[in-house]
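Work through the exercises below with the model open. Each task is followed by a stepwise solution.

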Amino acid sequence: MAMRTQTDYTISTFQVWVHDRRRCAETEEERRGWIRLDAWVNRRVVFLKSRYPHQNVNGLPMFALVEEDFNDEN
């Protein structure tokens with residue numbers, strides 16, 4: 001398997017990883033936690049898409065999810 005660099009981890013690859021973990025959750029509590037994280041990521045993606053309408057936000061590095069000021073969402 002090839003080595004991955006930090007920039008290889010995009011919002012899209014993070015979403016796939018979260019979905020995989022949710023499917024593999026062993027307890028209902030664990031599954032609910034992954035669902036909450038998934039919902040948060042989806043809200044951030046919607047926010048980023050509204051902020052950058054001409055940008056493929058799913059291709060941005062993962063850190064873009066937390067880079068913006070959360071106060072801008074409201």
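**Exercise 1. Place Glu28 and Arg31 in the secondary structure, then describe their side-chain pairing.**

Step 1. Both Glu28 and Arg31 sit in helix α2, three residues apart, about one turn of the helix. Helices here are DSSP runs of H or I with at least four residues, strands are E runs of at least two, and both are numbered from the N terminus.

Step 2. An α-helix has 3.6 residues a turn, so residues three or four places apart point the same way.

Step 3. The two side chains, Glu28 and Arg31, meet in a salt bridge at 2.6 Å, N to O. The term requires a side-chain nitrogen of Lys or Arg within 4 Å of a carboxyl oxygen of Asp or Glu.

Step 4. Glu28 is partly exposed at 42% relative accessible area, and Arg31 is partly exposed at 33%. The classes are buried (under 20%), exposed (over 50%) and partly exposed in between, with a 1.4 Å probe and protein chains only.

A note on the source: this is a predicted model, where local features need pLDDT of at least 70, side-chain atom pairs count only at pLDDT 80 or more, and totals for chains, interfaces and linings use all residues. Residues are numbered from 1 along each chain as its sequence is written, and side-chain values use heavy atoms, with hydrogens and water left out.

**Exercise 2. How many salt bridges does the structure hold, and which residue pairs with Arg23?**

Step 1. The structure holds three salt bridges.

Step 2. Arg23 pairs with Asp20, and their closest N and O atoms are 2.3 Å apart.

Step 3. Both residues lie in helix α1 (residues 11–24), three residues apart, about one turn of the helix.

Step 4. Arg23 is exposed at 61% relative accessible area. Asp20 is partly exposed at 28%.

**Exercise 3. Which parts of the chain does the salt bridge of Asp38 and Arg22 link?**

Step 1. The side chains of Asp38 and Arg22 meet at 3.0 Å, N to O.

Step 2. This pair links distant parts of the chain: Asp38 in helix α2 (residues 28–51) and Arg22 in helix α1, 16 residues apart.

Step 3. Asp38 is buried, with 7% relative accessible area. Arg22 is partly exposed at 31%.

**Exercise 4. List the buried residues of α2 and name elements that cover them.**

Step 1. The buried residues are Trp34, Asp38, Val41, Arg44, Val45, Phe47 and Leu48.

Step 2. Their cover includes α1 and α3 (64–67), where contact means heavy atoms within 4.5 Å.
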